[in-house]
Amino acid sequence: MFNVLLIRYGEIGTKSRQTRRWFENLLMNNIREALVSEGIEFKKVEAKHGRVLVRTNKAGEAAEVLTRVFGIVSLSPAMEVDAEMEKINRTALKLFRKKKRELGLEKPRFRVTARRITKEFPLKSPEVQAKVGGYIFENEESEVNLHEYDIEVGVELMEGKAYVFVDKVKGWGGLPIGTQGKVVALLSGGIDSPVAAFLMMKRGVEVIPVHIYMGEKTLEKVRRIWNQLKKYGYGGKGELVVVKSQNREEMLRKVKELKKEKYTCVLCKFMMVKHADRIAKEFGAKGIVMGDSLGQVASQTLENMYIVSQASDLPIYRPLIGLDKEEITEIAKKIGTFELSTLPEDEIPFIPKHPVIRGSWEEFKKIYKAVFGEDPKKREC
């Protein structure tokens with residue numbers, strides 16, 4: 001029934017003309033990539049007057065996929081017809097009846113919203129709404145209610161065509177991936193780091209996931225998490241990078257000899273960032289993403305995050321910093337990573353009973369030099 005998918009974007013429209021066109025082109029490329037990857041046939045993807053149109057006879061299937069493409073605020077499977085009142089009325093009634101059957105309502109409440117995106121159509125938007133609403137009311141058992149409605153019939157008019165629809169599917173919004181460069185994201189098997197990577201992707205960043213190897217069970221879990229995140233990653237080419245630390249056991253032994261086990265977690269995270277820093281520079285990435293939430297665990301106090309941040313001269317991005325566990329978990333459930341993150345993983349045997357809460361950078365430097373024989377700012381992985 002539908003022959004086009006009408007896509008709306010948000011903040012892309014606030015950009016200058018040149019930047020906006022660039023963002024639109026990236027968004028359309030990501031849309032094409034998503035459709036091709038899911039095997040959905042389409043004829044054309046084009047941008048017009050703040051909308052993106054996908055010409056396809058599988059608009060419903062395409063809508064389900066494209067809700068995961070960042071930059072899209074909402075989309076509607078629609079019927080494109082000539083902008084003539086008779087055709088608009090007939091199409092609106094047809095879609096209204098279809099929606100009425102789907103909802104199983106005998107006398108649904110409805111309203112009509114119309115928008116003239118280009119102004120060549122002779123009637124103004126309120127006049128279109130009145131005519132379409134009147135036509136539906138006369139030909140189908142229904143009730144007009146502008147505020148509490150079961151069905152909303154939408155009509156958008158541009159360039160001599162009318163786009164009629166009855167559904168508006170919400171997207172994630174944000175910016176198209178590829179508009180904001182690359183970052184490296186430290187990806188563990190926990191709940192937080194996948195959400196942090198997701199939020200950076202939502203802001204148009206291409207994410208290169210880096211996992212510090214802790215065992216085969218955890219690695220398999222992380223692979224599954226990344227495969228889930230890739231469902232939102234259209235426009236990005238990042239693949240999972242796995243780092244196996246060669247000196248972890250020796251490092252932990254020396255820390256124990258120094259009787260500074262309380263710094264174990266901070267030291268391990270410091271080394272993780274060291275690895276991420278090296279990989280980021282290899283890929284030309286502009287920062288490192290971590291899943292830290294302020295005060296959630298001992299290593300995520302301001303003092304300890306300050307120490308960890310000294311491991312790289314690149315920016316450290318922490319998109320979860322002001323969120324609590326409940327908020328993070330809610331996002332994880334929505335994006336499909338929560339259940340994967342709660343799967344069993346390898347045990348970490350070297351977590352201290354009493355980790356340092358407010359570590360000292362000066363003390364940490366002494367510990368690091370005693371373990372590695374050099375200043376922490378100079379060491380390369």
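## A first look at this chain

Valine 289 stands opposite tyrosine 317 in strand E14. That pair is a handy place to begin, but first a word on what you are looking at. This is a predicted model, in which local features need pLDDT of at least 70 and side-chain atom pairs count only at pLDDT 80 or more, while totals for chains, interfaces and linings use all residues. Residues are numbered from 1 along each chain as its sequence is written, and side-chain values use heavy atoms, with hydrogens and water left out.

**The open sheet**

Back to that pair. Strand E13 (residues 288–289) pairs with E14 in the parallel sense over two bridges. Two strands count as paired if DSSP finds at least two bridges between them. Both belong to an open sheet of five strands with parallel pairing, in the order E12-E11-E10-E13-E14. Strand E12 (241–243) and strand E14 (316–317) stand at the edges with a single partner strand each, so one side of each has no neighbour in the sheet. As background, strands of a sheet pair through backbone hydrogen bonds, either parallel or antiparallel.

**The whole chain**

Zooming out, the protein chain has 12 helices and 14 strands. These are DSSP runs numbered from the N terminus: helices are H or I with at least four residues, strands are E with at least two. The C-alpha trace spans about 85 × 45 × 35 Å along its principal axes. Its radius of gyration is 27 Å, whereas a compact globule of 381 residues would have one near 21 Å. That radius is taken over C-alpha atoms, and the globule rule is 2.2 Å times the number of residues to the power 0.38.

Buried residues make up 52% of the 381; buried means under 20% relative accessible area, exposed over 50%, and partly exposed in between (1.4 Å probe, protein chains only). Of the contacts (heavy atoms within 4.5 Å) with a separation of 6 or more, 78% join residues 24 or more positions apart.

**Around strand E7**

Is strand E7 (residues 151–158) mostly covered or mostly open? Covered: seven of its eight residues are buried. E7 has these two pairings:

| Pairing | Direction | Bridges | Residue pair |
|---|---|---|---|
| E5 (residues 109–116) with E7 | parallel | seven bridges | arginine 111 and glutamate 152 |
| E7 with E8 (residues 161–165) | antiparallel | five bridges | glycine 154 and phenylalanine 165 |

E7 and E8 form a hairpin with two residues between the strands. One residue in that loop is glutamate 159, which has a positive phi of about 50 degrees although it is not a glycine. Most residues other than glycine have a negative phi. At 43% relative accessibility, glutamate 159 counts as partly exposed.

Histidine 49 is another residue to look up. Its phi is near 50 degrees, again a positive value in a residue other than glycine. Histidine 49 sits in the loop between strand E2 (44–48) and strand E3 (51–55), and its 42% relative accessibility makes it partly exposed.

**One buried alanine**

Where is alanine 63 found? In helix H2 (residues 59–66). Alanine 63 counts as buried because its relative accessibility is 4%. Leaving aside neighbours within four places in sequence, alanine 63 is in contact with Leu5, Leu75 and Pro77. Measuring from C-alpha to C-alpha, alanine 63 and serine 245 are 43 Å apart in space, and 182 residues separate them in sequence.
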